[in-house]
Amino acid sequence: MCGRYAVTTDPALLAAEIDAEDETEGVELDVPGFNVAPTTTVVAVVSRHSREAPDDPATRRLRAMRWGLLPHWQKTLGGPPLFNARAESVDEKPAFRTAIKSKRCLIPMDGWYEWQVLDPDAKKPRKQPTYLTPVDGTRLYIAGLWSVWRPAGAGVDVPPTLSATVLTTDAVGPLRAVHDRMPLILTPESFDEWLNPDAPVDPVLLRPPALDVAERIEIRPVSSLVNAVANTGPELIERVEPGSEPGQLSLL
């Protein structure tokens, strides 16, 4: 789940919003966009110490990352992109248990897409693309992990690839009607603790969000145009009548 999302704010504005230094300047990004997909270059918020002054407090930075985590021990870029990680088992998985210790990040989103199954008992059930976004138009910040990767045998002079994954959790409240999983939404009061590179994560932060967080999310049926990553315009998040495109929504 959460294989597509939208973020429409310029990185410089995001940096100002979250009081972070923008380190994405000069990097070709696939955001802002209305149809962000795995393996593209996205924006993530991290907290790191300065190399020049490592004893100074860590500060927030906005960095460009490949969506699909590459564990540091992986030999090549090949293989399925690890764009999601289950929050409840993230410390047990070899691909993620190093990152959860000190490389936690936030992934800014306007909203994310799910494909809700219609008439599940039908012989050929259909899926309705659905956009989930805060009713009040505010931003979502999703818990994520990141890594630093270099090809096997590469020297330190080879620029690393930064990559990230989105944490998911059990869906809460009305969102369970759409999918049994959802991104792990964090609230502003938990940002500093989540990003802190000097302390292990509090297990409480890995629990599903509170019911009131889920109740502030609009469940909006949208066009099947979002199925194709080539489609990137604002029409992707416009409301449609559920099931209004039966010829395009059949599951294979």
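In the predicted model, strand 9 and strand 14 pair in the antiparallel sense, with 5 bridges between them. Within this pairing, P134 lies opposite I217 of strand 14. Strand 9 spans residues 126-134 and also pairs with strand 8, residues 111-118, again in the antiparallel sense, here over 7 bridges. Two residue pairs illustrate the register of strands 8 and 9: W112 stands opposite L132 in strand 9, and W115 stands opposite P129 in strand 9. Strand 9 is mostly covered, with 8 of its 9 residues buried.

Both pairings belong to an open sheet of 5 strands, arranged in the order 3-1-8-9-14 with antiparallel pairing. The edges of the sheet are formed by strand 3 (33-36) and strand 14 (217-221). Each of these has a single partner strand, so one side of each is left without a neighbour in the sheet. In the strand order, strand 9 stands between strand 8 and strand 14, and strand 1 stands between strand 3 and strand 8. On average, neighbouring strands of the sheet are turned by 30° against each other, direction ignored.

Strands of a sheet pair through backbone hydrogen bonds, in either a parallel or an antiparallel arrangement. In the present sheet the pairing is antiparallel, as seen for strand 9 with strand 8 over 7 bridges and with strand 14 over 5 bridges.

Note on methods
Residues are numbered from 1 along each chain as its sequence is written. This is a predicted model: local features need pLDDT of at least 70, side-chain atom pairs count only at pLDDT 80 or more; totals for chains, interfaces and linings use all residues. Side-chain values use heavy atoms; hydrogens and water are left out. Two strands pair if DSSP finds at least two bridges between them. Helices (H or I, at least four residues) and strands (E, at least two) are DSSP runs, numbered from the N terminus. Axes are lines fitted to C-alpha atoms, for helices over the stretch in contact, and angles run from 0 to 180 degrees between N-to-C directions. Buried means under 20% relative accessible area, exposed over 50%, partly exposed in between (1.4 Å probe, protein chains only).
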